[in-house]
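Trainee: Got a minute to go through this one with me? I keep tripping over what the labels rest on.
Mentor: Sure, pull it up and ask away.

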Amino acid sequence: MDITDLQARLAQLDHLLPSQREWLDRLLFQLAFNDNQQINILGASGSGKSTLALAIAELLSGQYNIALLDTSVNKASATQQLMQQWFGQPGDASIPITEQVVVTEDQLALAVIIDDAERFPPELIQQLSSLPSLVLCFSAQSLDAAGLTLTLNRITADDAEQLLRHDGLNSIEIAERLARADGNMHQLLQPVEPDHRDETTAVAAEKHALLKKPALLASSIAVLLVLLLIVFWPSQKQPAPPVRVPVEHAPAPALPVEVPDSEANIEDTAIDSTVNPGTEQAEAEVSAEITTEHGGDSEASALPEPVVTTVQSETADTAIASEKAVSSPAVTDTAESDSTTFGYDESKLLLLQKSQVAVQLAVLSSDAALARFKRAYPTVEALSYQRSWQGKMQLVLVLAPFDNASDAKAAMSELPAALRASGPFTKTVKAIQSEINARQLSLQSGQQD
């Protein structure tokens, strides 16, 4: 499928957020290289599913005969709505839609976009998938249906800045609103209400402090009066009795005046008992170090969501199963035995060192898709291998090998623009060899059974 016109029309949709535009680029890449009649799109509440459904309808309206089933359509009348939107004539709910649709060669290809697909009966979606039409199902939960599954991007800081550009918020306030919203655009747009409980608590504390002030003042005055009484209270010490000197008619030598030993001892004791107490000063320093963590170049933090034919994020059970498959004695760490034959580049990949790095370009569903990829990008020397995913065969295209992640990222920057927009990411050779060995183990188990 030629997507050149679709890419030009996408550039004209200026109301989209940066993450939504990036996701639509990946969708067009899938339409170009994979023959998928049904695409399931997962997104949590408030992630922008309805906005993207309308954007896709506008984007594909020139190449498809579009029908849209959204929340305004009653599930009981879905068949009539489809016939009315596709052909301008009422449908019959009692007759399967597969019997009512008549496709001619001179008309546009059919496409249906279903918002909140979990509201509609699974039988209706199965009937639509059997028609020669493109079916896009938006839902908040996984559907029990075949086809390609894509996950919507979480809103980013750039999205939040664009949505809140008229609110006059600084970067810190925008980041706080984004963290509080947790991926929900509706909560992001709601202003933060003041916490009345904190205001009430502050008022109560202020009143309590005002009530305590008179009692504290009275206590301070009482302490001051006690100190004044202690300092200025008159001393009860009796003065020493005067020394009487007898007066005679004839002058007589003055009698020596002796000070009693008790008084002299008292004065010496008073002088010797004077003490100058020392004072101690304690100093404490409190330092706070703010550490800003930067995301490393590890595979887990650097991976954007890859282009896949199924959901790329593996569940925990699938990851554990892969680990068991790699650690099984039946699978070696190096290349398979001579009896194992490969249809693609598995042998080359198994001979690489586990510590090396690769760049995953795409996940395809058939040899025809692989041939189209090679025709579209003849200069890209990609290696391919097979892996099993949820019981289905997938073809994975990678660039390898690279000695480290920096060299792999440098190679990613030199890819064609369409490939860069599809979201390539780095991947260890060890993980690739694990997927190859796990598939071979699965094939051997099936032969033994």
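Trainee: By class, how many nonpolar, polar and charged residues does the lining of the largest cavity have?
Mentor: Five nonpolar, four polar and no charged residues. Bear in mind that this is a predicted model. The lining is made of Ser19, Gln20, Trp23, Ser47, Leu52, Leu152, Asn153, Ile155 and Met185, and α2 gives the most to it, with three residues.

Trainee: What makes it a cavity and not a pocket?
Mentor: A cavity is a set of points where a 1.4 Å probe fits but cannot get out, while a pocket is an open set. The structure holds one cavity of 30 Å³ or more, and the volume of the largest cavity is about 50 Å³.

Trainee: And what volume does the second largest pocket have?
Mentor: About 300 Å³. Its lining counts 17 residues, with Gly48, Lys49, Thr51, Met185 and His186 nearest the centre. Two elements, α3 and α9 (185–189), give two or more residues each to that lining. By class, the second largest pocket is lined by five nonpolar, nine polar and three charged residues.

Trainee: On to the helices. Why is α2 called oblique to α3?
Mentor: The axes of α2 (residues 18–33) and α3 (residues 49–60) cross at roughly 50° and come within 12 Å. Under 35 degrees would count as roughly parallel and 65 to 115 as roughly perpendicular. The angle fits neither, so α2 is oblique to α3. The crossing of α2 past α3 is right-handed.

Trainee: Which residues make that contact?
Mentor: From α2, Gln20, Trp23, Leu24, Leu27 and Leu28; from α3, Thr51, Leu52, Ala55, Ile56 and Leu59. By class that gives eight nonpolar, two polar and no charged residues.

Trainee: What makes α2 roughly perpendicular to α15?
Mentor: Again, look at the angle. α2 and α15 (residues 367–376) pack at about 110°, with axes 9 Å apart. The window for roughly perpendicular is 65 to 115 degrees, so α2 gets that label against α15. Here Phe29, Ala32 and Phe33 of α2 meet Ala369, Arg372, Phe373 and Ala376 of α15. The class count for this contact is six nonpolar, no polar and one charged.

Trainee: Why are α1 and α3 called oblique to each other?
Mentor: The axes of α1 (residues 4–11) and α3 cross at roughly 130° and come within 9 Å. Roughly perpendicular ends at 115 degrees and roughly antiparallel means over 145. The angle falls between those cut-offs, so α1 and α3 are oblique. Their crossing is right-handed. Leu6, Arg9 and Leu10 of α1 make the contact with Glu58, Leu59 and Leu60 of α3, which by class is four nonpolar, no polar and two charged residues.

Trainee: How do you know that a cis peptide bond joins Ala400 and Pro401?
Mentor: Omega there is about 0°. Pro401 sits in strand β8 (residues 392–402). As background, most peptide bonds are trans.

Trainee: Last one: what is noted about phi of Asp116?
Mentor: Phi of Asp116 is near 55°, a positive value in a residue other than glycine. Asp116 is in the loop between β3 (109–114) and α6 (122–130). Asp182 also has phi near 55°, and its place is the loop between α8 (171–181) and α9. Most residues other than glycine have a negative phi, so a positive value is worth flagging.

Notes:
Residues are numbered from 1 along each chain as its sequence is written. This is a predicted model: local features need pLDDT of at least 70, side-chain atom pairs count only at pLDDT 80 or more; totals for chains, interfaces and linings use all residues. Side-chain values use heavy atoms; hydrogens and water are left out. Axes are lines fitted to C-alpha atoms, for helices over the stretch in contact, and angles run from 0 to 180 degrees between N-to-C directions. Helices (H or I, at least four residues) and strands (E, at least two) are DSSP runs, numbered from the N terminus. A crossing is left-handed if the near helix is turned anticlockwise from the far one by less than a right angle, and right-handed if clockwise. Contact means heavy atoms within 4.5 Å. Ala, Val, Leu, Ile, Met, Phe, Trp, Tyr, Cys and Pro count as nonpolar, Asp, Glu, Lys and Arg as charged, and the others, Gly among them, as polar. On a 1 Å grid over the protein atoms alone, a cavity is a set of points where a 1.4 Å probe fits but cannot get out, and a pocket is an open set with protein on both sides within 12 Å along at least five of seven lines; lining residues have an atom within 4 Å of a point. Grid points are joined across faces, edges and corners, and a volume is the space filled by probe spheres set on the points.
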